[in-house]
Amino acid sequence: MPSDLAFLVATLTRRGLLKPGSPRRIAAQLGALRNWGFSLAGELRQAAARDPDRTALIDEELGEISYRELLDRAGRLAGSLRTRYGIGPGDRIGVLCRNHAGLVETALAGGLLGADIVLGNTGLSGAQLAAVAEEQRLRLLVHDAEFLDRVVGLPAEVERLDERGYSELVAGAVPGELRRPARDGRTIVLTSGTSGTPKGARRPTPSGLGPLVAIIDRIPLHHGTRMMIAAPLFHTWGYAALQMAFALRGTVVLHRRFEPLAALEAVERHSCTALFAVPVMVQRLLDAPPPARRPPLEVVATSGAALPGGLATRFMDRYGEILYNLYGSTEVSWAAIATPAELRRAPTTAGRAPHGTRLAIVDARGEPAPVGQVGRILVGNDLLFEGYTADAREREAREAREAGDDREARDDRAERSDRDDRAGGRLLDTGDLGHLDGDGLLFVDGRADDMIVSGGENVYPAEVENLLAGLPQVREVAVIGVPDRTYGQRLAAYLVLHPGEVLDPEAVREYVRRYRARFSVPRDVLFVPALPRNATGKVLTRELSRYHRA
């Protein structure tokens, strides 16, 4: 394996990031990275220094915005937030927005001020949003007008800024000189909250180019890539795409909502060669009428959920060998990436670990599991999350009592501790079960807490789910465990069929019986109009119970 430095240089060269240019601009670019680091704001500053007139964003309402203009707008907003609301280092700004320039500019302004940005899921209920605002101690919530009914229950101390007020702030402000704050702002991504109030996961700021290189080595993104980010920007994958776009000095196309035909039209009109999405969007592209000619896409990169069996193959049959799937989570960032060739060979594989990523499958004793044996998936890389914000506050309070020191010193110590953990090879449990095949490909067998015990046998719902997803009549499927008086638990399958298709429940059971053990056959087979999903496309299994008959 080449040294890390040699690998980094080779990959950056291959992806066009080390091309010669104006010495003055290159010096300004390096100076921006030295002064501001590799945060979103730092990447914007380096891109604006090197390619100020390149289009950074194409927004549905604002049109094209260059890197120079984006930096100016973010600086204006930062100045206004500091003057009007007193926002500064360590304060927290919540964002409840769809994919548009306002979300991007708010995240950038927060970074310029050293404030933490809490990315709110647009699917949050009013009660969940109020709980998040209190839990995260928000100073300000920036929100789209459509979410006005959800912000009425916020704590009184949380200021609110809607789209109109936001636009007035940007237009009326005079940009001032902003220096790197004493404390770098953090990005806080909320967990899905499918079982209650979402937790805030603190995302670390990259310390160098390693994380970018690990991804673009496996996913061929180049300098100047024009990409449409359809995945929600509040999601780890959408936000990561934004960070990579700025690092690549690329152009980002944003639509507030994903509509398959509109997305394909935008890809064609703006000559996008990359599309970042979640798997349910890939399914919706297949459901839409095929375009007259293939779009100019070279990369369709998905993450956030498993690719159902057969979906990868069907998509590449229509759009070509361009599908890449990243397996990761809010907590571990990435664990593995599957390339088109790997998905052709094994459509349900999660792929291989990128460069610098440590991947282990361990048994119940914590020992390495042999090839083919299912075990817990552990991951180590440079961007493991720093902990949940509630845990961080408890630790902060405890350290304050013990040491009597100030907040900045406590933050510095926590950051050093996290860096030491990562440098020491810390592996984080993903909460998933999986196995490796003989060629080193990873397969995810489901969540550890999704596995059921039926009549004394361990049963993995995801295995049956992937099998049923391969039936030509099935559009989408979810398989879960439900209580059973005799066996403890049993499988229930919920299927959505393509229009005009018909399946018999017993035929479904017989299909599973043909390919799997008897204890994997779902006793309950229900045909439903749609699977309940959250804003990022994950199936809300707790809501499937409304279809279930005990």
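**Figure 1. Crossing of helices H4 and H5 in the predicted model.** The axes of H4 and H5 cross at roughly 65° and come within 8 Å. The crossing in which H4 passes H5 is right-handed. On the H4 side, the contact is made by Leu70, Arg73, Ala74, Gly75, Leu77, Ala78, Leu81 and Arg82. On the H5 side, Glu105, Thr106, Leu108, Ala109, Leu112 and Leu113 take part. By class, the residues of this contact divide into nine nonpolar, two polar and three charged. As a guide to reading such a contact, an α-helix has 3.6 residues a turn, so residues three or four places apart point the same way.

**Figure 2. Burial of helix H3.** H3 spans residues 40-50. Eleven of its eleven residues are buried, so H3 is largely enclosed by the rest of the structure. The buried residues include the charged side chains Glu43, Arg45 and Arg50. Also buried in H3 are Leu40, Ala41, Gly42, Leu44, Gln46, Ala47, Ala48 and Ala49. Four helices pack against the buried residues of H3: H2 (23-36), H4 (67-85), H5 (101-113) and H9. H4 and H5 are the pair shown crossing at roughly 65° in Figure 1.

**Figure 3. Packing of helix H3 on helix H9.** The axes of H3 and H9 (residues 236-247) lie 8 Å apart, and the two helices pack at an angle of about 25°. That angle is under 35 degrees, so H3 counts as roughly parallel to H9. The crossing of the two helices is left-handed. From H3, the residues in contact are Leu40, Glu43, Leu44, Gln46 and Ala47. From H9, they are Tyr239, Leu242, Gln243, Phe246 and Ala247. Seven nonpolar, two polar and one charged residues make up the contact of H3 with H9.

**Figure 4. The S1-S2 hairpin.** Strand S1 (residues 55-59) pairs with strand S2 (residues 63-66) in the antiparallel sense, over four bridges. Three residues form the hairpin connection from S1 to S2. Within the pair, Leu57 has Ile65 of S2 as its bridge partner. In general, strands of a sheet pair through backbone hydrogen bonds, either parallel or antiparallel.

**Figure 5. The eight-stranded sheet and its S14 edge.** An open sheet of eight strands runs in the order S2-S1-S10-S9-S11-S12-S13-S14, with mixed pairing. S2 and S14 (333-338) are the edge strands, each pairing on one side only. From one strand to the next, the twist averages 20°. At the S14 edge, S13 (residues 323-329) and S14 pair in the antiparallel sense over five bridges. Asn325 stands opposite Ala338 in S14. H11 packs on the sheet, where it touches S11 and S12. The direction of H11 makes about 130° with that of S12.

**Figure 6. Surroundings of helix H11.** The buried residues of H11 are Pro279, Met281, Val282, Gln283, Leu285 and Leu286. The elements covering them include helix H10 (260-269) and helix H12. Strands S11 (274-277), S12 (299-303) and S21 (474-484) are also among the elements that cover these buried residues.

**Figure 7. Contact between helices H11 and H12.** H11 (residues 279-287) and H12 pack at an angle of about 50°, and their axes are 10 Å apart. That makes H11 oblique to H12. H11 passes H12 in a left-handed crossing. Pro279, Val282, Gln283, Leu285 and Leu286 of H11 meet Leu311, Arg314, Phe315, Arg318 and Tyr319 of H12. By class, the contact of H11 with H12 comprises seven nonpolar, one polar and two charged residues.

**Figure 8. Environment of Thr313.** Thr313 lies in helix H12, which covers residues 311-319. Its relative accessibility is 23%. Buried means under 20%, so Thr313 counts as partly exposed. Leaving aside residues up to four places away in sequence, Thr313 touches Arg344 and Pro347. Val253 is 60 residues from Thr313 along the chain, and the C-alpha atoms of the two are separated by 27 Å.

Methods: Residues are numbered from 1 along each chain as its sequence is written. This is a predicted model: local features need pLDDT of at least 70, side-chain atom pairs count only at pLDDT 80 or more; totals for chains, interfaces and linings use all residues. Side-chain values use heavy atoms; hydrogens and water are left out. Buried means under 20% relative accessible area, exposed over 50%, partly exposed in between (1.4 Å probe, protein chains only). Contact means heavy atoms within 4.5 Å. Axes are lines fitted to C-alpha atoms, for helices over the stretch in contact, and angles run from 0 to 180 degrees between N-to-C directions. Angles under 35 degrees count as roughly parallel, over 145 as roughly antiparallel, 65 to 115 as roughly perpendicular and the rest as oblique. A crossing is left-handed if the near helix is turned anticlockwise from the far one by less than a right angle, and right-handed if clockwise. Two strands pair if DSSP finds at least two bridges between them.
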